[in-house]
Amino acid sequence: MKKIWTIAWKDTIFRLRDRNAMLLALLAPLVIAGIMGLALSGDGVESHLISATIINQDEGPLGRIFEGLSADVNAGVEFKSSPLKDFARAREAVERGETQALVYLPRNFSAALQSAVDKSVEAPIIQIYCGAEAATKADIIRGVCDRSARHLRALAISKQVTASRLRISSEEDWRASRLDAAFAQEISSRQVLKEAARVELTTSPIGDVKIRRNPFAFFAPSLGIFFLMLCIFEAPRSILVEKDEGTLGRLIRTPTKPSHFLLGKLGGSCLTGILQFAMLIVASRFIFGLTWGDSLSGLALMVAAVVAAYTSLGAVIAAFSKNVFQAGAIGGGITMISAGLGGNFFAADNLPGWLEALSRMTINRWALEGFSKLVVRDLGVSDVVLNAVVLFSMAAVLFVSAFWKFQRRIAG
Amino acid sequence: MSGIIEVKKLCKQYDPPRGVMAVKDVSFDVERGEILSLLGPNGAGKTTIISIMSGLLTLTGGEVLIAGYSISANPIDAKRLIGVVPDEIALYPTITARENLAFWGKMYGLRGQKLQQRINAVLEIAGLSDRADQKVETFSGGMKRRLNIAVGLIHEPKIVFMDEPTVGIDPQSRRRILDTVCELNRQGLTVLYTTHYLEEAQELSNRVGIIDHGQLIAIGTQEELHKLVNNFDTIRLEVSSQMSNEETAGALSQLPGVHRAYSENGHIVLQTPDACRLLTSLVAQASREGASIKKLEIQESNLEAVFLHLTGRALRD
């Protein structure tokens, strides 16, 4: 263990002492955070609002409240009610460019949402349809809808609890003072911060429509992941540099297990990656006011998982490359393909079926989805556990592949 | 008694079964406290043998035992006992000499005060105490070579493998390194040394192994090796003549005192017990045969002659 740490620390110190690496490690997060800040949270947010139309078919009271809750321009989406009742006709309005997205509340919205407090009843389905102009902002609209649905669910639970408790306390009014505590307990035990409604998303294919600059949340995790990928891919290439400079041979000749050596090299990459991402988050949060969600533990879990997965992928690239230049070329190609497939450039929901399945095999997709849950949809650590598990699993598989190849190369 | 290092029928083939056979059936022992040099031209297989013995490459046949530990079965135990000085300068140039030594010391399990003591000791051995806190990239080639050796000694090994440690450095640094090797050996260190400089092998070694084309073609003390060529001197002639070199060599072989004469690579090679005594009659005989001597080289009995005798070519070819 000490040797793993010795190698990891040595690599971290090297990178911090290297002028170019220092620039990349310290300056790049600030520059990217600056770009995010200026582009995504600066002036003119008003003019870049996504326009979405709500088709409220709900027969109960919650649909109207949903409209009110969703009309929050700070989130970057401007909701309007529509007199249209037919979803198909409303879609035509989107295609004509009269609105950018539709949010469809079903007839049973209130009933299902109130019943959904009972776990045996299925959650109501909110359908979202995005036109070409809003395709890349689908996650933002979904995030707003999620948030509104969660508030409504909390409201539904509160109502039920109140009714129930008032009946109990109708003979003794002093018990009413305990209602607040009861609310808190019930709301907590029923985990109202979980997704309250199932949100189904469909988008029209992106044609040659020019997509305007639009608000924030989609781009923050996307840029962050892309940046992290570039940084971390640089690190395992140091294995090849050590090979060229002869120090790899010397390391192998020390009484160190090959697995410890590889873990040490990857540990150095992880330390650097975590440091850089932390800087990006802190800089964008405190200098430019960008929010990364409310769950620090969720964010930490996702950063660790993403860093582990990318580091292992970098190790595989290094293991299978003949030299530093080849590793650079392969790494660059994989970065671009993963970013394209994984949704860094546009929402992966837009991809056709088979490509969407392929997208699920990329680190970027799971990473972006996890970060979006935290940043866009304000979900918590439990909601990104699946993403983290998938990413850690990818990291394990990639590490084993890299280790296998390294051992073969060393033996050769 | 078996040595502290035992190499038995060592084989290495790259990309088996059709790849190059880099080392073929090499066997030798190294006694405790001995300096054994492996002498051979570049590409002979010396570095491959040391790389296998130090656990960098896997062997494809045979066995290497370091103080009884197999480098294949117990690599960690075996590696603890070995210090390795590779032929390339395997150091981190952007950190200081002291930091390099600290890193490599930790990789051998040294920590705390013991590590600091060893760092100071090997800096002293390498004569780099006054440059300890300067970055390695500012060092001259000779200083880097010395630090390269210091790293190999950081964990106070019982055995050190030195793979061409004097390549590409100035005579002063080379002298210092050779003196260091001798001094360390006097203190009890067992040294396996590879070189293609026969002077180094002659100066340092208790025994010399001659390697060519991946095979150990002879091993023994220098006396034992000289006996292989009967302590003959070698005369190499370049002549201009109507006759072929083979015919001229045949004519010169009749001279009294010539043990053997043959043609090789455009030269005529004569082996004789005393080259100086033969010279007068050699020039006269060549003249009688109508051959004018353009160039003449005398090589006294040494490892070069042994190598020439055993391989049919010069070490420098």
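**Figure 1. Surroundings of helix 5 in chain B.** What covers the buried residues of helix 5 of chain B includes strand 6 (82-85), strand 7 (159-163), helix 3 (97-107), helix 4 (112-126) and helix 6 (171-186) of chain B. The model shown here and in the other views is predicted. Helix 5 of chain B is mostly covered, with 11 of its 13 residues buried. Among the buried residues are Lys144(B), Arg145(B), Arg146(B) and Asn148(B). Leu147(B), Ile149(B), Ala150(B), Val151(B) and Leu153(B) are also buried, as are Gly142(B) and Gly152(B). Helix 5 of chain B lies across strand 6 and strand 7 of chain B. Its direction is at about 165° to strand 6 of chain B. The length of the helix fits expectation: at 1.5 Å a residue, the 13 residues of helix 5 (residues 141-153) of chain B should span 18 Å, and the end C-alpha atoms are 19 Å apart, which agrees.

**Figure 2. The six-stranded sheet of chain B.** An open sheet of 6 strands in chain B follows the order 6-7-8-3-9-10. Its pairing is mixed. Strand 6 and strand 10 (215-220) of chain B stand at the edges; each has a single partner strand, so one side of each is left without a neighbour in the sheet. From one strand to the next the twist averages 15°. Within the sheet, strand 3 (residues 35-39) and strand 9 (residues 207-212) of chain B pair in the parallel sense, over 4 bridges. Leu36(B) stands opposite Arg207(B) in strand 9 of chain B.

**Figure 3. Leu204(B) and its contacts.** Leu204(B) lies in helix 7 (residues 198-204) of chain B. Is this residue buried or partly exposed? Leu204(B) has 19 other C-beta atoms within 10 Å and is therefore partly exposed, since a buried residue needs 20 or more. Leaving aside neighbours within four places in sequence, Leu204(B) is in contact with Ile35(B), Ser37(B), Leu178(B), Val181(B), Cys182(B) and Tyr193(B). The C-alpha atoms of Leu204(B) and Asp179(B) are separated by 9.1 Å. These two residues are 25 residues apart along the chain.

**Figure 4. The four-stranded sheet of chain B.** A second view shows an open sheet of 4 strands in the order 12-13-11-14 (chain B), with antiparallel pairing. Strand 12 and strand 14 (292-299) of chain B are the edge strands, and each pairs on one side only. The twist here averages 20° from one strand to the next. Strand 11 and strand 14 of chain B run antiparallel and are joined by 7 bridges. Leu237(B) has Leu296(B) in strand 14 of chain B as its bridge partner. Helix 9 (residues 245-252) of chain B packs on the sheet and touches strand 11, strand 12 and strand 13 of chain B. The direction of helix 9 makes about 170° with that of strand 12 of chain B.

**Figure 5. Strand 13 of chain B and its two partners.** Strand 13 (residues 267-272) of chain B is mostly covered: 5 of its 6 residues are buried. Strand 11 (residues 233-240) of chain B pairs with strand 13 in the antiparallel sense over 5 bridges. In this pair, Thr234(B) stands opposite Gln271(B). Strand 12 (residues 260-264) of chain B also pairs antiparallel with strand 13, over 5 bridges. Here Ala261(B) stands opposite Leu270(B). The hairpin of strand 12 and strand 13 of chain B has 2 residues between the strands. In this hairpin Asn265(B) takes a positive phi near 50°.

**Figure 6. The side of chain A that touches chain B.** Contacts join 17 residues of chain A with 18 residues of chain B. On the chain A side, helix 1 (2-17) and helix 10 (247-253) are the elements that give two or more residues. Helix 10 of chain A gives the largest share, 6 residues. By type, the chain A side divides into 5 nonpolar, 6 polar and 6 charged residues.

**Figure 7. Confidence along chain A.** The mean pLDDT of chain A is 74, with 72% of its residues at 70 or more. Confidence in chain A is highest in helix 10, at 88, and lowest in helix 7 (residues 179-189), at a mean of 52. Over residues 42-47 of chain A the pLDDT is below 50, and this stretch has 3 contacts in the model beyond near neighbours in sequence. Over residues 204-215 of chain A pLDDT stays under 50, and the model has 25 contacts beyond four places in sequence for them.

Notes. Residues numbered from 1 in each chain as written. Chains lettered and ligands numbered in written order. Predicted model: local features only at pLDDT ≥ 70, side-chain atom pairs only at ≥ 80, totals over all residues. Contact = placed C-beta atoms within 7 Å. Nonpolar A, V, L, I, M, F, W, Y, C, P; charged D, E, K, R; others polar. Expected span 1.5 Å × (residues − 1). Buried ≥ 20, exposed ≤ 12 C-beta atoms within 10 Å, placed from the backbone. Pairing = 2+ DSSP bridges. pLDDT = per-residue confidence, 0-100. Axes fitted to C-alpha atoms, helices over the stretch in contact; angles between N-to-C directions.
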